[in-house]
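Let's take a walk through this one, a piece at a time. Keep the viewer open and follow along.

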Amino acid sequence: MSTLEIKDLHVSIETETGPKEILKGVSLTINTGETHAIMGPNGSGKSTLASTIAGHPRYEVTSGTITLDGEDVLEMSVDERARAGLFLAMQYPVEIPGVTMTNFLRTAKTAIDGEAPSLRHWTKDVKAAMENLKIDPSFAARNVNEGFSGGEKKRVEILQLELFKPKFAVLDETDSGLDVDALRVVSEGVNRAQDTGTMGTLLITHYTRILQYIKPQFVHVFVDGKVAESGGAELADRLEAEGYERFETAAAGA
Amino acid sequence: MSQTVNTTDNASPEEIDADGAGVPVIPGMGEEGEKLSATVAEASDAGHATHSVPSGSQKRPVKPGSSRADRLSSFELADFPALTGREEDWRFTPLNRLAGLHLPDGDDARLTGAAPAVSVTELDGVTVETVGRDDARLGTVLTPDDRVSAAAWASFEQATVVTIGADVEATTPVRIDITGTGTAPAAQHLLVIAAPNSRADVVLQHRGSAVVSQNIEFDVQEGAGLNVTSLQSWDDGAVHVSAQQARIGKDASFKHVAVSYGGSLVRLTPTSRLAGQGGETEMFGLYFADAGQHLEQRLFVDHAVANCKSNVLYKGALQGQDAHTVWVGDVLIRKEAEGTDSYEKNQNLVLSEGTRVDSVPNLEIETGLIDGAGHASSTAQFDDEQLFYLMARGIEEKDARELIVRGFLHEIIQKIGIADVEETLIDQMDSELQVASL
Ligand SMILES: Nc1ncnc2c1ncn2[C@@H]1O[C@H](COP(=O)(O)OP(=O)(O)O)[C@@H](O)[C@H]1O
Ligand SMILES: [Mg+2]
């Protein structure tokens with residue numbers, strides 16, 4: 001069992017008018033086998049939290065800690081975090097011209113595992129995972145994310161999630177921009193990975209729609225750079241009914 | 001940071017879409033065009049703009065000789081004055097490194113060195129001839145449009161003519177090996193004829209040492225498909241100036257891939273003239289400049305008739321002190337060229353300090369009735385978001401950088417479509433990268 005622990009995390013970004021604090025004291029603990037949903041309005045800092053966990057250089061941690069089984073994640077470089085078992089499914093995956101999916105997947109898998117995967121098994125695994133996510137086999141020969149539709153990019157993120165088998169997955173608005181079919185396919189992928197019993201998930205979303213497919217045990221309402229309220233799955237139902245307004249007013253009043 | 005980047009349009013792609021309702025006008029060319037397209041780039045803050053100017057007799061503010069349409073072309077050397085380096089089309093070229101190819105001593109001089117040897121693979125349906133300079137087919141596609149090209153025209157004695165017969169579909173590439181062994185300034189002339197409805201891949205491989213001005217004509221006749229790859233893999237000291245002009249007939253398609261990494265100074269002027277309706281041209285290029293190398297490419301796409309397509313993509317990488325690359329892309333959509341669809345892009349990746357990049361896209365549109373026209377130019381150190389993406393998948397920074405640079409270059413290599421040429425180039429680029437200070 002693994003634990004990802006975020007304690008009183010404060011994060012700033014550099015803007016034209018000087019540093020701006022985005023995360024204002026986030027605390028969160030996720031264990032293997034758990035799915036936590038983070039729900040919040042646009043601009044509340046959800047992507048900032050996700051990118052900070054992954055180590056994006058734009059975000060400066062001014063105080064607080066992130067640890068993975070007690071190890072200081074903030075001390076690790078971006079690639080070290082991935083090799084330690086953290087995975088970020090990005091909100092906007094970038095295109096990498098000239099690097100084929102096949103080459104990329106094998107290179108990343110080799111880096112994460114510390115050894116090249118057995119060629120025979122690997123090819124089979126990739127094929128099966130692509131089939132499960134209804135990704136056309138021709139994508140293997142295409143360049144990473146190049147010319148992929150929004151939905152295709154998200155499927156490919158989940159493809160990586162299934163192949164790289166991280167300890168913790170952070171999914172940044174993986175549901176946005178997906179039609180109902182794609183949403184189902186992508187959710188099934190996340191559930192397959194979660195059902196292995198070896199992963200914990202931080203599911204970041206703006207809408208409750210994806211929660212019909214992925215069932216979190218914990219829901220955190222995220223407003224203005226911190227967790228405004230935490231609860232069980234029922235909190236999502238209340239959000240569905242009431243929207244974020246109540247929390248935003250509370251945050252503004254605080 | 002000792003780096004010079006001269007680009008009109010930094011990382012801001014532009015689209016100009018037009019329908020009958022509006023006339024997009026991008027006036028000016030050359031020095032003016034540079035200034036004007038910079039203005040246009042500024043106007044498009046999101047990097048995406050739709051330009052539409054009310055139709056009517058909008059007068060283009062073109063100063064004489066500044067439109068690409070007005071560029072002098074002539075078979076007479078004397079029509080091109082001795083170069084000063086201040087000419088619009090020579091302002092980036094170090095004339096003192098041309099080794100006399102521009103005949104600085106006057107119009108009576110000639111390029112008398114031995115031309116690099118030409119050998120062409122034998123193929124069914126493909127004829128190869130060596131002809132004298134009086135052969136009537138020569139000069140039917142290409143007319144020199146600068147002094148160095150005119151010097152080659154005035155000087156060459158024999159030309160190689162390669163003809164792909166009508167309806168012939170060549171199953172293996174026509175390989176034209178051009179191998180230099182001397183450094184006396186020389187002239188060379190080649191003509192490739194793709195007869196109606198023929199299909200062929202042609203690979204021009206330049207190797208060895210040479211100081212040569214070259215004129216190459218591609219006559220792509222009705223319904224033909226010609227895929228040309230020109231590889232400049234010269235030895236270190238070579239000086240190579242090459243005008244490669246294509247005329248693309250009705251419903252014909254022409255692909256030109258120019259790859260330059262060898263030599264001291266290489267200056268290419270690839271031209272596609274879309275002369276028959278339904279014609280298509282793709283012009284791709286890849287250049288990798290090391291310390292002290294000057295690699296220059298000046299493209300011209302001439303949309304002279306209606307309903308043609310053009311797509312230009314050139315990518316360059318630079319490393320080392322005084323590595324200098326120049327890319328100028330002139331696209332002219334003439335008044336007659338309604339229904340044109342055109343795009344051009346140049347991207348440069350700077351891998352070390354001390355380099356210089358010049359990148360100038362010039363788009364001139366004389367009709368409003370086009371399907372689309374756009375241009376983009378970018379010069380970047382490195383895309384940090386790409387780096388982050390790969391590192392977030394566990395790949396170490398050094399490996400991630402190599403993947404990205406390879407990927408950047410491979411995008412062009414993948415366009416060649418000839419397996420062994422692609423493989424050799426991938427290896428070649430890897431060894432260029434070994435020297436890179438990654
Ligand atoms: N590069 C940036 N420059 C200025 N502000 C930024 C930048 N990136 C994010 N922000 C601001 O940080 C806040 C949080 O953004 P983000 O983490 O993307 O929110 P979310 O993912 O919840 O929509 C927003 O107010 C956003 O405007
Ligand atoms: Mg976000």
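A good place to start is a pair of packed helices in chain A, where H3(A) and H5(A) cross in a right-handed sense. Keep in mind that this is a predicted model. H3 of chain A covers residues 101–113 and H5 of chain A covers residues 150–164; their axes lie 11 Å apart and make an angle of about 35°. On the H3(A) side, the contact is built from A:Met101, A:Phe104, A:Leu105, A:Ala108, A:Lys109 and A:Ile112. H5(A) answers with A:Val156, A:Leu159, A:Gln160, A:Leu163 and A:Phe164. Sort those residues by class and you get 9 nonpolar, 1 polar and 1 charged.

Next, have a look at helix H7 of chain A, which runs over residues 233–242. Which residues of H7(A) are buried? They are A:Leu235, A:Ala236 and A:Leu239. Looking down the axis of H7(A), you'd find these buried residues within an arc of 105°, so they line one face of the helix. Swing round to the other side of H7(A) and you meet A:Asp237, A:Glu240 and A:Ala241, which are exposed. Just past the helix, A:Gly243 adopts a positive phi of about 75°.

H7(A) is also a handy way into the charged pairs. A:Arg238 has a salt bridge to A:Glu242, with 3.8 Å between the closest N and O atoms. Why are these two about one helical turn apart? Because A:Arg238 and A:Glu242 sit 4 residues apart in H7 of chain A. The side chain of A:Arg238 also meets that of A:Glu229 in a salt bridge, this time at 3.7 Å from N to O. As for accessibility, A:Arg238 comes out at 34%, so it counts as partly exposed. Its two partners fall in that class too: A:Glu242 is partly exposed at 41% relative accessible area, and A:Glu229 is partly exposed at 25%.

Now for a link between the chains. B:Glu385 and A:Arg58 join their side chains in a salt bridge, 3.4 Å from N to O. On the chain B end, B:Glu385 belongs to helix H3 of that chain, residues 384–391. On the chain A end, A:Arg58 lies in the loop between helix H1 (46–54) and strand E4 (59–68). Are the two ends buried or partly exposed? B:Glu385 has 29% relative accessibility, so it is classed as partly exposed. A:Arg58, with a relative accessible area of 44%, is partly exposed as well.

Let's move on to chain B itself. There, salt bridges with shared partners tie B:Arg68, B:Arg71, B:Asp89, B:Asp145 and B:Asp330 into one network. Over all chains, the structure holds 35 salt bridges.

Finally, step back and take in chain B as a whole. How many helices and strands does chain B have? The count is 5 helices and 22 strands. Of the 438 residues in chain B, 60% are buried. If you take the contacts in chain B with a separation of 6 or more, 86% of them come from residues 24 or more positions apart.

Conventions. Residues numbered from 1 in each chain as written. Chains lettered and ligands numbered in written order. Predicted model: local features only at pLDDT ≥ 70, side-chain atom pairs only at ≥ 80, totals over all residues. Heavy atoms only, no water. Axes fitted to C-alpha atoms, helices over the stretch in contact; angles between N-to-C directions. Left-handed = near helix turned anticlockwise from the far one by under 90°. Contact = heavy atoms within 4.5 Å. Nonpolar A, V, L, I, M, F, W, Y, C, P; charged D, E, K, R; others polar. Salt bridge = Lys/Arg side-chain N within 4 Å of Asp/Glu carboxyl O. Buried < 20%, exposed > 50% of the residue type's maximum accessible area, 1.4 Å probe, protein only. Arc of directions from axis to C-beta.
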